[in-house]
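Hi,

Here is the structure I said I would pass on. Have a look at it first, and then read my notes below.

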Amino acid sequence: MASITYQVLSKKKGQVSIFMRLSVSREINFRAKTTLTINKDDWSEAKKMPKQKTASQKNLHQKLVELKANIFDRLNNSVIEGDRLDTSWLSKQIELFFYGSTLPTENNKLSYWIEHLIKNS
């Protein structure tokens, strides 16, 4: 049975990235960075989730719970369809959760439009 946990890998203090770890089996494990960050002091290593002392920490906790449920749904669909599961797959699913079908593309980047304006001026 697959499991999902969250990890804070950085040893530094202050704002750190939250990573998702997906274990499909003993041999198949993936880790990907979520778009979320947390102050290292606000992270519970025992629960592998944010401490829930403030409203923002409770919101972050809820967002991680929702992400976990979403990834399990997408995992089941991908297994049924025979999709290849790897770190890229996990990263893409995380991006789809946060950005939906409007994944950042080259045309959405500010640098693209600056170059476009320079070339066409």
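Ala-69 counts as partly exposed, at 40% relative accessibility. This alanine lies in helix α1. Follow the chain back 65 residues and you get to Ile-4, whose C-alpha atom is 9.4 Å from that of Ala-69. Before you go further, keep in mind that this is a predicted model, so please take every value here as computed from it.

Now the overall picture. The protein has three helices and five strands, and along the sequence they come in the pattern β-β-β-β-β-α-α-α. Of its 121 residues, 30% count as buried. The protein exposes about 8300 Å², and carbon and sulfur atoms supply 51% of that. If you take the contacts between residues at least 6 apart in sequence, 41% of them join residues at least 24 apart.

On to the sheet. As general background, strands of a sheet pair through backbone hydrogen bonds, either parallel or antiparallel. Here we have an open sheet of three strands in the order β1-β2-β3, with antiparallel pairing. β1 (3-7) and β3 are the edge strands, each pairing on one side only. On average, neighbouring strands of this sheet are turned by 20 degrees against each other, direction ignored.

Going through the pairs:

- β1 with β2: the two strands pair in the antiparallel sense over five bridges. If you want a spot to click on, Thr-5 stands opposite Arg-21 in β2.
- β2 with β3: residues 15-23 and residues 29-39 pair in the antiparallel sense too, over eight bridges. These two strands form a hairpin, with five residues between them. Along this pairing, Phe-19 has Lys-33 in β3 as its bridge partner, and Leu-22 stands opposite Phe-30 in β3.

What lies across that sheet? Helix α1 does: it lies across β1, β2 and β3, and runs at about 145 degrees to β1. Helix α2 lies across β2 and β3, and runs at about 35 degrees to β3.

The two helices also pack against each other. In general, two packed helices are described by the angle between their axes and the distance between the axes. For α1 (residues 55-81) and α2 (residues 87-99), the angle is about 125 degrees and the axes are 10 Å apart. An angle between 115 and 145 degrees counts as oblique, and α1 and α2 are therefore oblique to each other. Their crossing is right-handed. From the α1 side, the contact is made by Lys-63, Glu-66, Leu-67, Asn-70, Ile-71, Arg-74, Leu-75 and Ser-78. From the α2 side, the residues are Trp-89, Leu-90, Gln-93, Ile-94, Leu-96, Phe-97 and Phe-98.

One residue from that list deserves its own look: Ser-78, which sits in helix α1. Is Ser-78 buried or exposed? With a relative accessible area of 6%, Ser-78 is buried, because buried means under 20%. Leaving out residues up to four places away in sequence, Ser-78 touches Asp-83, Leu-85 and Trp-89. Trp-89 is also one of the α2 residues in the helix contact.

Last stop, Lys-48. You will find this lysine in the loop between β4 (43-44) and β5 (49-50). Lys-48 has a positive phi of about 55 degrees, although it is not a glycine. Its relative accessible area is 32%, so Lys-48 is partly exposed.

If you want a quick route through the model on screen, try this:

1. Start at the hairpin of β2 and β3, and find Phe-19 with its bridge partner Lys-33.
2. Move to β1, where Thr-5 stands opposite Arg-21 in β2.
3. Go over to α1, which lies across β1, β2 and β3, and pick out Ala-69 there.
4. Carry on to Ser-78 in α1, and show its contacts with Asp-83, Leu-85 and Trp-89.
5. Finish at Lys-48 in the loop between β4 and β5.

Cheers

Terms used: Residues numbered from 1 in each chain as written. Predicted model: local features only at pLDDT ≥ 70, side-chain atom pairs only at ≥ 80, totals over all residues. Heavy atoms only, no water. Pairing = 2+ DSSP bridges. Helix = DSSP H or I, 4+ residues; strand = E, 2+ residues; numbered from the N terminus. Buried < 20%, exposed > 50% of the residue type's maximum accessible area, 1.4 Å probe, protein only. Contact = heavy atoms within 4.5 Å. Areas by Shrake-Rupley, 256 points an atom, 1.4 Å probe, with all protein chains shown as cover. Axes fitted to C-alpha atoms, helices over the stretch in contact; angles between N-to-C directions. Parallel < 35°, antiparallel > 145°, perpendicular 65-115°, else oblique. Left-handed = near helix turned anticlockwise from the far one by under 90°.
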